[in-house]
Amino acid sequence: MKRTLRLATCGLFALSLLWAALPAASASAGSDPLAPTGRWSAYTAGRAATPPMGWSSWNAFGTDVTEARVLDSANTIVASGLAAKGYLYINIDDGWWLKRRQSDGRMQVRTAIFPSAATGGPDESSFRPFTDQIHRMGLKAGIYSDLGRNSCSQAYGGPGTPNLPEGTLAEREVGLYGHAEKDLKLYFEDWGFDFIKVDGCGVRAFAPDSAKVKDGQYQALVPLIDFQSVNRTDVTEIKALYTEVADHLKHYNPDGDYVFSICAWGSADVRSWAKNVGNLSRTSDDITPSWGRMLTNFDSAATRALYAHPGSWNDPDMLFVGHGDFDENHLTEAKSHFALWAMISAPLIIGYDLRKAPPELMEIFGNSDLIALNQDPSGHQAVLAYETDDVQIFVKSRGDDPARKAVAIFNRGTAPQDVILTADHLKYMAADDVHLVDLWTKAALPAFKGEVKLRVEPRQTLIFDAHGTRTLKGGIYLSEIPGRVNPAVDGVVTPQADPFIHRAVSPWAGSRGRGDLPMYAGWGGAQADATPFGRSLQIGGKPFASGIGILANSRLEVRLKDERRITASVGVDDSTLDTATPVTFYVYGDGKLLAQSSALGFGSAPETLSADVAGYKLLELVARSTAPGNAERTVVTWGNAALSN
């Protein structure tokens, strides 16, 4: 994988003349997406204030799932103490359904493998006995469905795939398409589930010319998702279908006790909307138990810190600890996999047959310090502080103590690396002691000043709790608290896949074709401490080690606690390819204009914005182009943007 210095690529940016002509605060939010709304728009419904933890049947058993296997795993989670550490969701993935009853459209459970669901005659079943048993154990139950008419196992399973739906073509249409309200009422109100993963194979894989449609096995559905082209994907319709699911979930769960997992694999421009619609959003295709594939999935989420918040998380897919490159014979890789998921606030969903788990793997799953890091209620995904093809350093803010952080040093390669960790990486004072405690061994390292050299073995991730004296006294940089910053509008109008996602050999196609291409259209999205294209922040020749990089015509939402002031140095970033379009910057508090810059162009010195924010709940930071006709996307920087008391 090549993660060399990122350059902004060309692309048309459609700028509305109306936006430029309107006064900064006069447009309604309905007509102008940059107008302040005074409200936080990222998803907060459901029960995902911290990333969900639990177990899923898919990576352990595929469609060869049975009630006995699920309950054995649930019992193991309770008996081992993992449940007490937060692993609560017991999720059934694909393979549970028998057919859709045609008399009333009611879904039928495959009672041959879930015998407790046999609650009536041969054409009657209910998951309520199963979910009641899971709940009596102090756990929560999850179920699986698909956005289309049919599921992923129907799309991609071969002749020997067990537990595929049976019956007529109509009876085998087990997905939500055309049945969303009926199915979600059944799954949550009637059957008592607490979590649902909604896949998207049914709106992707059943084109009229597909083999399984042509031979009459399934009804055609013109694909709404095209993996190779976001422009050929019906983003509006995909968003509408997932929003419909979200609306029904709220209606049939009036207590809000549910988790909604969107699984569109990073396609359909989910970067721009999934954080507003569901609790989890997959950022890549399925993970497999290989090192290269883990890198692919990790990369798809690792630079998206500003798109994860309490209630809405990036999801690079389930853990594969226990299998393949992450089994008990590859503990270095297994620990890296788990530590990286903990750092980026990913769901910790075990995908392993826990009945055969050796103690070494159970120790990884049960590492209380890493679990606490993942479950930190402040909800800040780690921010990339250093990056090369070989080594990455991630820093994660923790809780309400601005001097306490976690740092992970990740050796992606095959050779040992001597890595220099600096106080600057952590935004600590170089002249004062920095303290590190290893979260695997619990050993405290000798305190250091300025920098320390650490040996990192191939595929190893060193991970530490860190404490030091903060560089910014009496305040905190916005890039340190990404969980409180939401790019409500990030300025991206032409979605493109991130070209720097690691491209592993396809686990499905092998080396056929041209190789797997990135799908996640996150290229150009907002970044912490970097431009949207990974360059260092710089305005008018002045560099900024801290700040938010974003495109013009954007609006950032910032949640306030008890802070009294915001300051930032603003301007067009030196890396922009658009050197002609000026930008004006605005700060709003609860919808009220608090500060405004002059129109700043490329090469202009940074201008300081400062505003009293005491008593406000939500800030909105708007960067608005003041002239139409961008030939290139305009990159802007909120340099050293910080809140202070």
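**Entry 1. Largest cavity**

I began with the lining of the largest cavity and sorted its residues by class: 8 are nonpolar, 3 polar and 5 charged. The model I am reading is a predicted one. I then looked up the volume of the largest cavity, which is about 160 Å³. I noted that 16 residues line this cavity, and that Asn91, Phe195, Lys197, Ser261 and Met318 are the closest to its centre. For secondary structure, I recorded that strand S5 (140-146), strand S6 (195-199) and strand S8 (280-282) each contribute at least two lining residues.

**Entry 2. Second largest cavity**

I next asked how many cavities of 30 Å³ or more there are. The count is 2. For the second largest cavity I noted a volume of about 90 Å³. Its lining comprises 14 residues, and those nearest the centre are Ala274, Lys275, Ser281, Tyr307 and Asn314. I found that helix H9 (270-273), S8 and strand S9 (313-315) are the elements giving two or more residues to this lining. By class, I listed 6 nonpolar, 6 polar and 2 charged residues for the second largest cavity.

**Entry 3. Asparagine 150**

I turned to asparagine 150, which I located in the loop between S5 and helix H5 (152-156). Is this asparagine 150 buried or exposed? I entered asparagine 150 as buried because its relative accessibility is 1%, and the cut-off for buried is under 20%.

I looked up its polar partners. The side chain of asparagine 150 makes a polar contact with the side chain of glutamine 154, at 3.3 Å. A polar atom of the asparagine 150 side chain also lies 3.0 Å from the backbone oxygen of arginine 172.

Setting aside neighbours within four places in sequence, I listed the contacts of asparagine 150 as Arg172, Glu173, Gly175, Cys201, Gly202, Phe206 and Tyr218. I also checked tyrosine 177: it is 27 residues from asparagine 150 in sequence, and the C-alpha to C-alpha separation is 8.4 Å.

**Entry 4. Serine 284**

I closed with serine 284, in the loop between S8 and helix H10 (291-302). I recorded serine 284 as buried because its relative accessible area is 5%, again against the cut-off of under 20%.

Which side chain makes a polar contact with the side chain of serine 284? I found that of asparagine 297, at 2.9 Å. Asparagine 297 also appears among the contacts of serine 284 beyond four places in sequence, together with Trp265, Gly266, Ser300, Pro316 and Met519.

Technical notes
Residues are numbered from 1 along each chain as its sequence is written. This is a predicted model: local features need pLDDT of at least 70, side-chain atom pairs count only at pLDDT 80 or more; totals for chains, interfaces and linings use all residues. Side-chain values use heavy atoms; hydrogens and water are left out. On a 1 Å grid over the protein atoms alone, a cavity is a set of points where a 1.4 Å probe fits but cannot get out, and a pocket is an open set with protein on both sides within 12 Å along at least five of seven lines; lining residues have an atom within 4 Å of a point. Grid points are joined across faces, edges and corners, and a volume is the space filled by probe spheres set on the points. Helices (H or I, at least four residues) and strands (E, at least two) are DSSP runs, numbered from the N terminus. Ala, Val, Leu, Ile, Met, Phe, Trp, Tyr, Cys and Pro count as nonpolar, Asp, Glu, Lys and Arg as charged, and the others, Gly among them, as polar. Buried means under 20% relative accessible area, exposed over 50%, partly exposed in between (1.4 Å probe, protein chains only). Contact means heavy atoms within 4.5 Å. A polar contact is a pair of N or O atoms within 3.5 Å; within protein, one must be able to donate a hydrogen and the other to accept it, and residues adjacent in sequence count only if both atoms are side-chain atoms.
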